[in-house]
Amino acid sequence: MNFTLHLTADCNLSCRYCYEKHSHARMSTETALSACELMFSYGHKKNGFSFFGGEPLLCRKTIIRVLEYCEELNRAHGASLSYKMTTNGLLLDEAFIETANRHKLEIALSHDGVLQDAQRVFPDGRGTSRLLEPKIDLLLKLQPNAIAMMTVLPENVGRLAESVEWLYARGFSRVNTAIDCRPNNAWDDNSMEELDAQYGILAEFCASHFDDERPLHYLNFESKIACHLESRSCIECRLGYKQPSIAPDGSIYPCNQFLNIPEYRIGSVSSGIDEQARERIYQMSLLPEASCDGCTLAKRCRHHCACLNFSMTGNMHEVPHVQCVHEQSVIQNADRMAELLYERKSPRFMRVYSKASNK
Ligand code: SF4
Ligand code: SF4
Ligand code: SF4
């Protein structure tokens with residue numbers, strides 16, 4: 001069983017695209033430990049938490065207590081445990097990363113490459129890149145496979161490829177990028193066209209570093225290639241079952257973007273999950289998106305992410321136009337990258353390709 005623990009909506013930064021309300025509420029240790037007990041009560045063989053914020057490291061003591069308590073509880077269960085956390089990195093230090101390593105907590109760093117100081121800033125507008133340099137060194141020394149997560153605003157999209165290249169040169173081998181998805185974002189035809197051009201540049205760049213000694217894994221493209229080669233859907237959204245979200249007050253919701261919306265509350269850490277409420281929302285999520293009828297890209301597109309649709313359109317089945325255009329561009333450019341790799345008989349690509357086609 002996996003849960004997302006929303007420890008706080010508070011943050012020490014004020015990024016230009018942030019959608020958090022930055023309230024000071026924090027999850028109490030008692031609530032977090034009840035979440036651990038609830039997780040183990042299902043008796044699953046695989047358990048884990050994703051620590052989420054705001055900035056989760058503002059609740060560092062709670063995270064460490066959860067890791068220790070899960071270890072204690074697991075003596076009687078013998079499940080495999082895994083944890084994830086995305087942080088802005090400012091509060092990272094050696095002691096925390098070593099604790100993370102002991103408990104198999106994977107740390108992802110939110111960093112916008114060359115756009116860091118334009119987008120990820122302190123509340124007074126100061127940039128953060130200089131302060132993050134030693135944190136990046138430390139993270140990559142202790143977790144060399146840490147992922148860099150980047151977001152791009154429409155006005156800065158012309159520097160997307162340069163930013164991914166910067167992150168790779170800085171030592172990150174796994175990079176994931178996202179576009180600003182707030183409901184009133186400023187994407188228009190021009191910025192979407194530029195986004196497509198940037199993905200085109202990235203298709204060439206990623207293909208040229210695919211077989212390096214330290215290969216670049218650009219996850220946006222690789223996930224599209226993998227699901228195509230393995231003939232499976234790109235996302236399996238089991239809303240409410242895959243990764244329910246626990247709010248700071250201990251209430252449970254089906255996924256991140258439904259947090260704190262009363263009609264989507266499906267339980268609490270003290271009373272457990274209301275199975276009827278969860279199943280009702282899950283069944284609702286299975287309805288197809290009418291606008292995607294007959295689209296040949298449907299299997300490879302994220303159109304069925306209820307969270308994303310709901311956060312941008314208020315309807316879990318209404319795919320925002322920007323998302324549709326974006327997905328088409330990612331899929332086409334991922335295919336371009338795959339073609340380049342196939343033409344060059346890339347050893348790593350041919351290995352993965354033959355494994356997938358033999359399945
Ligand atoms: S790091 Fe930036 S995007 Fe994340 S919660 Fe803080 S202000 Fe928001
Ligand atoms: S709603 Fe989106 S984020 Fe949530 S489980 Fe489904 S696919 Fe994943
Ligand atoms: S590309 Fe657009 S129409 Fe096709 S499945 Fe995705 S969102 Fe739907």
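**Ligand shells, backbone geometry and fold**

Me: How do the residues of the shell around ligand 1 divide into nonpolar, polar and charged?
Reply: Ala, Val, Leu, Ile, Met, Phe, Trp, Tyr, Cys and Pro count as nonpolar, Asp, Glu, Lys and Arg as charged, and the others, Gly among them, as polar. On that basis the shell around ligand 1 divides into four nonpolar, five polar and three charged.

Me: Which pLDDT do local features need in this predicted model?
Reply: Residues are numbered from 1 along each chain as its sequence is written, while chains are lettered from A and ligands numbered from 1 in the order in which they are written. This is a predicted model in which totals for chains, interfaces and linings use all residues, side-chain atom pairs count only at pLDDT 80 or more, and local features need pLDDT of at least 70.

Me: Which two residues around ligand 1 are joined by a cis peptide bond?
Reply: A residue is near a ligand if its C-beta atom, placed from the backbone, lies within 6 Å of it. The residues around ligand 1 include Cys-11, Cys-15, Cys-18, Gly-53, Gly-54 and Arg-120. Most peptide bonds are trans. The cis bond, with omega of about 20°, joins Gly-53 and Gly-54.

Me: Between which strand and helix does Gly-54 lie?
Reply: Helices (H or I, at least four residues) and strands (E, at least two) are DSSP runs, numbered from the N terminus. Gly-54 lies in a loop, and the elements on its two sides are strand S2 (46-52) and helix H2 (60-74).

Me: Is His-22 partly exposed or buried?
Reply: His-22 lies in the loop between strand S1 (2-6) and helix H1 (29-41), and its phi is near 55°, a positive value in a residue other than glycine. A residue is buried if 20 or more other C-beta atoms lie within 10 Å of its own, exposed if 12 or fewer, and partly exposed in between, with C-beta atoms placed from the backbone. Because 16 other C-beta atoms lie within 10 Å, His-22 is partly exposed.

Me: How many other C-beta atoms lie within 10 Å of Ser-231?
Reply: Ser-231 is found in the loop between helix H8 (219-229) and strand S8 (245-246). Its phi is also positive, near 50°. Ser-231 is exposed, as the number of other C-beta atoms within 10 Å is 10.

Me: Which strands and helix do the buried residues of H6 pack against?
Reply: Seven of the 10 residues of helix H6 (residues 160-169) are buried, so this helix is largely enclosed by the rest of the structure. Among the buried residues are Leu-160, Trp-166 and Tyr-168. Two residues are in contact if their C-beta atoms, placed from the backbone, lie within 7 Å. The packing partners are strand S5 (147-152), strand S6 (174-179), helix H7 (189-208) and strand S7 (217-218).

Me: Which strands are the edge strands of the sheet?
Reply: Two strands pair if DSSP finds at least two bridges between them. The open sheet has 11 strands in the order S7-S6-S5-S4-S3-S2-S1-S8-S9-S10-S11, with mixed pairing. Pairing on one side only marks the edge strands, S7 and strand S11 (272-273).

Me: What is the bridge partner of Ile-252 in S10?
Reply: Strand S9 (residues 251-253) and strand S10 (residues 267-268) run antiparallel and are joined by two bridges. In S10, the partner of Ile-252 is Gly-267.

Me: What is the radius of gyration of the protein chain?
Reply: The protein chain has 12 helices and 11 strands. The globule rule (2.2 Å times the number of residues to the power 0.38, with the radius of gyration taken over C-alpha atoms) gives 21 Å for 359 residues. The chain comes close to that value, so it is as compact as a globular protein of that length, with a radius of gyration of 20 Å.

Me: Which residues touch the most other members of the largest nonpolar core?
Reply: A nonpolar core is a set of buried Ala, Val, Leu, Ile, Met, Phe, Trp, Tyr and Cys residues joined through C-beta atoms within 7 Å. Leaving aside neighbours within four places in sequence, Cys-206 is in contact with Leu-216, Tyr-218, Phe-221 and Met-337. Of the 89 residues in the largest nonpolar core, those touching the most other members are Leu-5, Ala-35 and Cys-206.

Me: How many residues of the shell around ligand 3 are charged?
Reply: The residues around ligand 3 include Cys-292, Cys-295, Cys-301, His-303, Cys-324 and Glu-327. Seven residues of this shell are nonpolar and three polar, and the number charged is one.
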